[in-house]
Amino acid sequence: MSGASGTIGRVLVPFLQTLGHDVLSLVRNKKEVSEKNIFWDPEKGILDIDTHAPFDAVINLNGADITRGRWTETQQKTIIDSRIRPTQLLASTLAKMKKKPAVFITSSAIGFYNILCHWFL
């Protein structure tokens with residue numbers, strides 16, 4: 001799960017765990033890497049999830065907080081880029097996996113998308 005420390009993720013992770021799911025979180029701080037936390041850097045295209053695969057599902061909750069600051073052109077670009085770049089990295093990485101997850105759910109404050117992925121790549 002990306003965005004596990006965000007508004008939705010902070011509630012969703014423990015909920016999924018109470019249902020018996022094993023949740024791995026993508027983190028951007030190398031100091032937080034552990035058995036349950038995988039480092040990634042979407043800006044640099046870094047995401048090594050092969051050692052933790054396979055996954056049944058991937059939940060993508062990326063995005064800069066839309067409630068912080070005025071929506072200047074710079075802030076709008078930040079909001080958009082913070083959703084597009086990480087999602088592109090996740091999708092391209094998952095598409096290359098030998099055993100792909102059956103489900104890829106992505107959500108942000110500017111919309112909700114539920115995609116059942118049939119990996120044709």
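Here is a quick tour of a helix, a small sheet, the nonpolar cores and one buried asparagine. Keep in mind that this is a predicted model. The sheet is open and has 3 strands, in the order β1-β2-β3. Helix α2 runs over residues 73-95, and the largest share of the largest nonpolar core, 3 residues, comes from α2.

**Helix α2**

- With 23 residues at 1.5 Å each, α2 should span 33 Å, and its end C-alpha atoms sit 32 Å apart, which agrees.
- There is a bend in α2 of about 25°, located at D81.
- D81 is also one of the buried residues of α2, and others among them are Q75, I79, S82, R83 and P86.
- Further along, the buried set of α2 includes L89, L90, T93, L94 and A95.
- Who covers these residues? The cover includes β1 (25-27), β2 (37-41), β3 (46-47), β4 (57-60) and β5 (103-108).
- As background, an α-helix has 3.6 residues a turn, so residues three or four places apart point the same way.

**The three-stranded sheet**

- Pairing in this open sheet is mixed.
- β1 and β3 are the edge strands with a single partner each, so one side of each has no neighbour in the sheet.
- β1 runs parallel to β2, with 3 bridges between them; V27 has F39 of β2 as its bridge partner.
- β2 and β3 go together in the antiparallel sense, over 2 bridges, and W40 is matched with L47 of β3.
- The β2-β3 hairpin has 4 residues between its strands, and G45 there takes a positive phi near 75°.

**β2, covered on both faces**

- In a regular strand, side chains alternate between the two faces of the sheet.
- For β2, one side carries N37, F39 and D41, the other I38 and W40, and all of these are buried.
- That makes 5 of the 5 residues of β2 buried, so the strand is largely enclosed by the rest of the structure.

**Nonpolar cores**

- Nonpolar side chains tend to be buried together in soluble globular proteins.
- The largest core here has 13 residues, and the members touching the most other members are L26, W40, L47, I49, L90 and L94.
- At least two residues of this core come from β2, and at least two from α2.
- Looking beyond four places in sequence, I49 touches L26, I38, F55, T93, L94 and M97.
- A second core is separate and has 7 residues, including M1, A4, V13 and V23.

**N62, a buried asparagine**

- N62 lies in the loop between β4 and α2.
- Is N62 buried or exposed? At 7% relative accessibility, against a cut-off of under 20%, N62 counts as buried.
- Its side chain makes a polar contact with the S2 side chain at 3.2 Å.
- Another polar contact, of 2.3 Å, links the side chains of N62 and N60.
- Leaving out residues up to four places away in sequence, N62 touches S2, R28, W40, S82, R83, P86, T87, L90, S107 and S108.
- Two of those neighbours, W40 and L90, also turn up among the members of the largest core that touch the most other members.

Conventions: Residues are numbered from 1 along each chain as its sequence is written. This is a predicted model: local features need pLDDT of at least 70, side-chain atom pairs count only at pLDDT 80 or more; totals for chains, interfaces and linings use all residues. Side-chain values use heavy atoms; hydrogens and water are left out. The expected span of a helix is 1.5 Å times one less than its number of residues. The bend at a residue is the angle between axes fitted to the seven residues ending there and the seven starting there. Buried means under 20% relative accessible area, exposed over 50%, partly exposed in between (1.4 Å probe, protein chains only). Contact means heavy atoms within 4.5 Å. Two strands pair if DSSP finds at least two bridges between them. A nonpolar core is a set of buried Ala, Val, Leu, Ile, Met, Phe, Trp, Tyr and Cys residues joined through side-chain atoms within 4.5 Å. A polar contact is a pair of N or O atoms within 3.5 Å; within protein, one must be able to donate a hydrogen and the other to accept it, and residues adjacent in sequence count only if both atoms are side-chain atoms.
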